[in-house]
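Student: I am new to this structure. Please take one part and look at it closely, then show me what lies around it.

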Amino acid sequence: MAIEEFLASKEERVVESTGKHQDENVVESTGKHKVSIENVNGWYGKKRALKDINLKVKEKTVTAFIGPSGCGKTTLLRCLNRMHEMTPGAHADGRVIVDGADIYDKSIDPVIIRRRIGMVFQKPNPFPTMSIFENVSAGLRLNGISNKTIIREIVEESLKNAALWDEVKNELEQPGMSLSGGQQQRLCIARALAMQPEVLLMDEPTSSLDPIGSSKIEELLRSLKDNVTIIIVTHNMQQAARVSDFTAFMYLGDLIEYGSTNQIFMNPEKELTERYISGKFG
Amino acid sequence: MNSNNNYKKILQEAVAKKYKKRLLVDKLVTIFTVVCVIAAIIPLGSILLEVVKNGASAISFEFLTQPQGSIGSGSGGVGPAIQGTIIVVGLASLIAAPVGVLTGIYLSEFAKGGIFPNLVRFFNDVLTGLPSIVIGIVGYIVIVLSIGSFSVLAGSISLSIIMMPIVVRVTEETLKIVPHSFREAGYSLGISKAKITLFIVLPSAKNGILTGIVIAISRIAGETAPLIMTILGTSLFFTGITGPVDALPLRIWRLASQPYESAHAFGWGSALILILMILALSVGLRLLAQKRSSFKGIT
Amino acid sequence: MFTCLVVGAAAYTLLMVGLVAFSVTKGSIDIFSVEGIDFITQSDWNAVEGRESFGAFPYILGTLLSSAIAMAIGVPISLAIAVFISEIAPPRIGIPLSFITELLAAVPSIIYGLWALFVFRFWVRDLIEKPLYDAFHGYLPFFAKTPFGLDIFTAGIVLAIMIIPIISSICREVMRVVPDSQREAAYSLGATRWETVRMAVFPYVKSGLVGASMLGLGRAVGETILVTMVIGNVIGPSAIPTSFFSQGQTLASLIANEFNEASSDLHLSALIALGTILLILTMGINIVARLLVKKKIKVSTGAKAQ
């Protein structure tokens with residue numbers, strides 16, 4: 001799998017941060033780009049945490065952002081669903097084009113784009129006053145879906161896609177917090193999936209879980225990507241190597257290198273990448 | 001998965017249909033909260049404005065030092081009330097502050113769990129919420145009836161009952177914030193608990209505790225109800241601890257109830273004086289705290 | 001030695017509580033032994049020697065009604081202010097604002113009363129009561145009496161103004177305990193800001209919000225001097241409120257009005273008994289309130305996976 005991917009992607013080798021082409025109408029023939037990140041800068045007040053990032057994420061793949069602490073990978077992730085600007089004093093500029101529409105366009109309300117771009121966080125955060133069922137259907141109810149049958153169907157499907165259905169199908173009324181850490185995280189994934197997103201952003205989703213919980217989620221990603229484009233931030237390089245098809249390595253706000261996971265890990269082009277991969281710093 | 005596309009469409013439709021309304025609701029709620037904030041600020045502004053506007057014209061040296069002239073004449077002042085407030089509140093603080101701080105120290109440093117400290121905490125909380133008129137009744141029965149007269153003592157003790165629980169709570173909470181390492185350093189040097197508390201822990205919590213005491217004093221300085229049945233409120237200056245006395249809040253009430261313009265003016269003037277006194281207390285504390293801390297305490 | 005001192009100081013608290021209990025009991029025993037439980041249900045208030053009869057019922061109603069008005073107005077406004085300061089406003093607006101609400105809390109109630117008596121009641125009468133009266137007095141009995149500003153309604157509004165700082169600052173404190181991860185979860189589902197507050201913040205601290213409101217209620221119930229200046233001061237059966245614009249009387253305000261002029265020992269005892277009722281009412285409210293607030297803050301900080 002890896003080699004074919006690698007060969008195919010050679011055709012559409014993504015541009016690095018030197019910013020070669022800005023023409024948004026470039027559509028590669030093989031494999032669509034779901035998310036096109038163009039000249040994105042991220043700021044915390046006056047401090048520039050992301051420096052002119054350019055990156056195109058392929059549809060229905062798992063892309064990993066890796067790099068040492070403070071490299072900006074989480075900041076970049078949060079720019080993709082406009083959560084970055086919710087931090088006081090933070091803002092971002094540039095364009096992030098999802099299926100041809102720039103989510104930073106002034107006429108678009110962030111509330112809407114988050115239907116298409118979901119997020120899962122580092123520590124599981126189910127709503128403690130809601131049951132499992134209510135947690136998963138929370139987003140649906142917000143948007144006024146009242147047909148109980150539809151809600152039940154979507155909840156069931158989301159829980160199945162999150163590999164949690166079998167464990168909770170008989171106790172959907174139990175509080176969300178009664179689950180174990182790993183289960184809660186899958187609950188949060190189900191909750192995000194219920195919104196039928198096209199892109200799922202995951203911010204170090206397994207870093208607070210035990211190894212068994214982590215591996216369950218990693219397994220999950222393999223089946224999830226058939227329907228959803230996944231972008232995952234991880235500080236665990238081995239995890240990136242295990243689950244992702246493409247990897248972007250960042251350092252101090254710059255995108256250093258981006259390519260297929262195989263290539264990045266086995267044949268990195270930049271020396272910095274090579275040093276990080278081999279653990280010389282991090 | 002086909003059903004997936006179906007659901008996506010359903011969701012898209014729902015989102016498109018509802019989002020205008022949701023954004024509208026969000027905007028309305030935001031406007032509502034802003035309106036409420038403004039609605040809360042307007043009274044404050046009006047109160048300060050009226051007190052200053054109406055009260056300033058009544059202030060004079062005579063106003064500050066003389067007792068009230070004959071009713072309706074507009075002469076004289078509220079000298080006894082100012083003096084009375086200072087005496088009664090001062091005495092109440094002298095009772096409540098040490099006891100309150102010591103109790104707070106007990107709860108934070110010496111209590112080892114078990115029924116007694118929890119009882120103390122519980123009843124302290126209860127005392128905090130008691131209506132001040134009830135405290136006045138207590139003062140009446142316990143002091144006024146025993147001594148036989150309305151008195152400074154009754155008023156002060158009543159006010160101290162109101163003030164003490166506040167000081168206890170602030171002291172305990174402030175002491176809890178002091179890092180344990182301070183105490184441990186003392187223990188490791190073999191110093192006794194009492195000395196550690198007095199010379200290490202307390203000084204570092206000093207600012208917080210003082211702030212709490214000043215807040216408590218400001219609170220009781222404005223209390224009227226307990227004074228009604230304890231000090232009576234005369235137009236004479238201080239005659240003795242067991243004698244009646246006047247106080248600003250009480251005087252304001254009496255003046256407001258009289259049908260004369262001049263009395264009302266005096267009322268506003270007294271209100272201004274009261275506010276200024278409370279303000280002076282808080283500001284005075286801040287200055288004192290700043291001067292003393294060359295070494296910044298914890299709080 | 002020092003230990004004895006601090007333990008003694010702590011015991012002083014219990015002594016005070018004992019004194020309170022002792023005083024109100026001793027003071028009210030006379031009237032209760034004469035009238036028994038009827039004291040609570042009767043409405044007359046007759047101090048004439050030989051025909052003395054006292055009943056607390058109108059004043060219980062007055063207390064409840066004025067506090068209910070205060071809560072109906074005060075709680076939503078307090079919540080709105082808390083939401084604004086903690087969820088909407090940026091810190092450079094939020095911090096001065098919370099300072100201003102603290103200032104409101106520091107104003108002595110006598111000054112509230114003074115202002116209400118000479119200034120605010122005219123606003124209420126002209127801007128709220130007269131229009132309501134004109135519009136509704138034929139149909140709704142609650143707006144029946146001709147309003148002139150000194151009545152239960154005004155008392156309720158000023159009480160609301162007085163308790164808003166208390167309720168909103170505690171609400172703010174409990175809302176601060178809600179972890180940001182909860183809000184982020186709501187936002188990531190595409191919630192608007194209000195929906196986030198409604199879905200992620202309020203349910204998390206529901207009991208704390210209720211507790212804060214009850215603390216405000218306790219304060220409103222016990223407030224004396226402010227009420228007595230604006231509520232109209234009637235006694236006896238005519239003190240039973242029939243309309244928002246009725247003059248009224250609360251437990252606390254009647255005590256303040258008549259205590260120094262009580263004409264007999266029984267009269268005095270009746271007044272003190274009003275205080276006893278007030279005491280029990282307030283204690284109950286405050287105990288429940290503190291339990292609710294403590295529970296919320298404890299659960300949130302000692303919580304599991306968060």
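Tutor: We start with one strand of chain A and then work outward to its chain, the contacts and the core.

The model is predicted. The part to look at is strand S9 of chain A, residues 246-251. Is this strand mostly covered or mostly open? S9(A) is mostly covered, with six of its six residues buried. A residue counts as buried when 20 or more other C-beta atoms lie within 10 Å of its own. Take the two faces in turn. One side of S9(A) carries A:Phe246, A:Ala248 and A:Met250. A:Thr247, A:Phe249 and A:Tyr251 point to the other side. Both faces are covered.

Now look at the strands that pair with S9(A). Strand S3 of chain A, residues 62-66, runs parallel to S9(A). Four bridges join the two. To find one of the pairs, go to A:Ile66; its bridge partner in S9(A) is A:Phe249. That phenylalanine, A:Phe249, is also one of the buried residues named above.

Strand S10 of chain A, residues 254-260, pairs with S9(A) as well. Here the sense is antiparallel, and there are six bridges. A:Thr247 stands opposite A:Gly259 in S10(A). S9(A) and S10(A) form a hairpin with two residues between the strands. In this hairpin, A:Leu252 takes a positive phi near 50°.

So much for the strand itself; next comes its chain. Chain A holds 12 helices and 10 strands. Of its 282 residues, 51% are buried. Contacts that reach far along the sequence are also counted. Among contacts in chain A with a separation of 6 or more, 68% join residues 24 or more positions apart.

Chain A also has an open sheet of four strands. Their order is S2-S1-S4-S5, and the pairing is antiparallel. Strand S2 (47-58) and strand S5 (101-102) of chain A each have a single partner strand, so they stand at the edges and one side of each has no neighbour in the sheet. Inside this order, strand S1 (residues 33-44) and strand S4 (residues 90-98) of chain A pair in the antiparallel sense over eight bridges. One pair to find there is A:Trp43 with A:His91, its bridge partner in S4(A).

Stay with strand S2 of chain A for a moment. A:Asp52 is found in this strand. Is A:Asp52 buried, exposed or partly exposed? A:Asp52 counts as partly exposed, because it has 16 C-beta neighbours inside 10 Å. Set that beside S9(A), where six of six residues are buried. You can also trace from A:Asp52 to A:Cys71, 19 residues apart along the chain. Their C-alpha atoms are separated by 13 Å.

Next, leave the strands of chain A and turn to its contact with chain C. Chain A brings 25 residues to this contact and chain C brings 19 residues. On the side of chain A, the elements that give two or more residues are helix H3 (110-116), strand S6 (117-120), helix H5 (138-142) and helix H8 (181-193). H3(A) gives the most, with four residues. By type, this side of chain A divides into 15 nonpolar, seven polar and three charged residues.

Chain C also touches chain B. There, 64 residues of chain C are in contact with 61 residues of chain B. Which helix of chain C gives the most to this side? Helix H1 of chain C, residues 2-35, does, with 18 residues. The side of chain C that touches chain B divides into 46 nonpolar, 14 polar and four charged residues.

Chain B itself is divided into domain 1 (1-56) and domain 2 (61-292). Taken over C-alpha atoms, 41 Å separate the centres of these two domains of chain B. Five residues of domain 1 of chain B are in contact with six residues of domain 2 of chain B. On the side of domain 1, those residues are three nonpolar, two polar and no charged.

Last comes the core. The largest nonpolar core has 266 residues, and B:Met163, B:Val167 and C:Val158 touch the most other members. Helix H6 of chain C, residues 152-176, gives the most to this core, with 17 residues. Each of domain 1 and domain 2 of chain B supplies at least three residues to this core. To see the surroundings of one member, centre on B:Val167. Leaving out residues up to four places away in sequence, B:Val167 touches residues including B:Ala96, B:Gly100, B:Ile213 and B:Ala216.

Methods. Residues are numbered from 1 along each chain as its sequence is written. Chains are lettered from A and ligands numbered from 1 in the order in which they are written. This is a predicted model: local features need pLDDT of at least 70, side-chain atom pairs count only at pLDDT 80 or more; totals for chains, interfaces and linings use all residues. Two residues are in contact if their C-beta atoms, placed from the backbone, lie within 7 Å. Ala, Val, Leu, Ile, Met, Phe, Trp, Tyr, Cys and Pro count as nonpolar, Asp, Glu, Lys and Arg as charged, and the others, Gly among them, as polar. Domain bounds come from an automatic or database domain assignment. A residue is buried if 20 or more other C-beta atoms lie within 10 Å of its own, exposed if 12 or fewer, and partly exposed in between; C-beta atoms are placed from the backbone. Two strands pair if DSSP finds at least two bridges between them. A nonpolar core is a set of buried Ala, Val, Leu, Ile, Met, Phe, Trp, Tyr and Cys residues joined through C-beta atoms within 7 Å.
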